[in-house]
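Student: I am new to this structure and would like a close look at one part of it. Could you pick a spot and walk me through its surroundings?

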Amino acid sequence: MSARKPVKPMLATLGPPPEKVGWAFEQKWDGLRAIAATGEPAPVLWSRNQNVITRSFPEIVDALAAQLGNREVVLDGEIVALDARGVPSFSLLQRRMNVQAPTAQVRRSVPVTYYPFDVLTVDGESTMPLPYLERRAVLEDLGLIGDRIVVPPHWLDIDGAAMLEVARKHHLEGIVAKRVDSTYQPGKRSPRWIKCPIRAKTTAVICGYLPGSGTASGGIGSLVLGAHDDSGSLIQLGHVGTGFTARTRRDLWARLHELERPTSPFAVALPPSVARNVRWVEPLLICDVEYREYVGGALRHPSYKGLRTDKSVDDITAPLLRTDTT
């Protein structure tokens, strides 16, 4: 395995869904991107940053070996864990990601599946110069099927906005649009692949901040967010550090600096590792935040969208907490 070199996956740009002509659409998986290589001596899995993750997902390795044997095939796909509703859940997957040699009990409690959506090599020959639709045909001809390996579908001649709405109704992460004539470009973020994630929005109370550094020096680095739970207590929603312009960072620092207080406004004290270096403020300012999901007591992939002046702090409640079960 060490003699094989990992391939850097091709990446998509962020954007709205394109028109249907000339594009294919796939589901956007909320999982772990993985390059899989089969053949001698045994299958190997690499993460997006080219770390070997083979030992963490033995059921996928076993399935690849059983279905492809000694054939030299390189696949690009996503490792996914499904919740009780059959929806991909990154929080569930996290229970497996850092586990080396998971026990049978762990594998039963959080089963994972590999969803290969592209093929880069077959029998030692590169398929990367082929257009997308030809690569998909090659992938489907491999005959991969089973509980642990599933070739996901793709759709043609479908309106992108309608496809995104279907994904929204089924609580999926979003869609990816790919030009039907696009070649595979390792390591490149290409406009010929467009990712269209679905984002939720909530309103939060600003409870503290971390000063900025580097290019954010002179402004805030991130905001500490809060909201009220069912009992009316102020609880934390995590941090948000993206979505700011340089001017916004400076303006927020000026406003929050005047509201600083010596203690946390939260009902329950945060662990020292979380509260370290936080400058607490009176919980008076409200902001809008987009996010992927609310799980584990924090917003996942939050992005700041601006201050709100039309709501009362007392009316700000936490979004519905997603709890994952198998």
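Tutor: Gladly! One term comes up before anything else: two residues are in contact, or touch, when they have heavy atoms within 4.5 Å. Please also keep in mind that this is a predicted model.

Let us settle on Asp76, which is in strand 5, residues 73-80. Is Asp76 buried or exposed? Asp76 is buried, because its relative accessible area is 0%, and the cut-off for buried is under 20%. Leaving aside residues up to four places away in sequence, Asp76 touches Pro9, Met10, Arg33, Ala34, Ile35, Tyr114, Tyr115, Pro116, Phe117, Asp118, Leu120 and Tyr184. With one of these, Arg33, there is a polar contact: the side chains of Asp76 and Arg33 are joined at 2.7 Å.

Now for the sheet around Asp76. Strand 5 belongs to an open sheet of five strands, ordered 4-3-5-6-7, with antiparallel pairing. At the edges are strand 4 (44-47) and strand 7 (125-126), each of which pairs on one side only. Helix 1, residues 58-68, packs on this sheet and touches strand 3 (32-37), strand 4, strand 5 and strand 6. The direction of helix 1 makes about 145 degrees with that of strand 5. As a general point, strands of a sheet pair through backbone hydrogen bonds, either parallel or antiparallel. Here, strand 5 and strand 6 run antiparallel and are joined by eight bridges. One residue to find in this pairing is Leu75, which stands opposite Val119 in strand 6.

From there we can step across to Pro116, one of the residues that Asp76 touches. Pro116 lies in strand 6, residues 113-122. Pro116 counts as buried because its relative accessible area is 0%. Not counting residues up to four places away in sequence, Pro116 touches Leu75, Asp76 and Gly77, and also Leu139, Leu144, Ile149, Val150, Val151 and Pro152. How far apart in space are Pro116 and Gln100, C-alpha to C-alpha? They are 22 Å apart, with their positions 16 residues apart in sequence.

It helps to set this spot within the whole protein chain. The chain has 326 residues, and buried ones make up 48% of them. It contains seven helices and 18 strands. Its C-alpha atoms fill a box of roughly 65 × 45 × 40 Å along the principal axes. Among contacts with a separation of 6 or more, 70% are between residues 24 or more positions apart. The chain exposes about 15,800 Å², and carbon and sulfur atoms supply 52% of that area.

For another place to visit, try strand 15, residues 286-291, where five of the six residues are buried. Strand 15 pairs with strand 11 (residues 200-211) in the antiparallel sense over six bridges, and five bridges join strand 15 to strand 18 (residues 303-308), also antiparallel. Cys287 in strand 15 is the bridge partner of Ala204, and Cys287 stands opposite Leu307 in strand 18.

What about disulfides? A search of the whole structure finds zero of them. Cys207 is in no disulfide, and the nearest cysteine sulfur, that of Cys287, is 9.4 Å away. Cys207 is counted as buried because its relative accessibility is 0%.

Conventions. Residues numbered from 1 in each chain as written. Predicted model: local features only at pLDDT ≥ 70, side-chain atom pairs only at ≥ 80, totals over all residues. Heavy atoms only, no water. Buried < 20%, exposed > 50% of the residue type's maximum accessible area, 1.4 Å probe, protein only. Helix = DSSP H or I, 4+ residues; strand = E, 2+ residues; numbered from the N terminus. Pairing = 2+ DSSP bridges. Polar contact = N/O pair within 3.5 Å; in protein donor to acceptor, adjacent residues only side chain to side chain. Axes fitted to C-alpha atoms, helices over the stretch in contact; angles between N-to-C directions. Areas by Shrake-Rupley, 256 points an atom, 1.4 Å probe, with all protein chains shown as cover. Disulfide = S-S within 2.5 Å.
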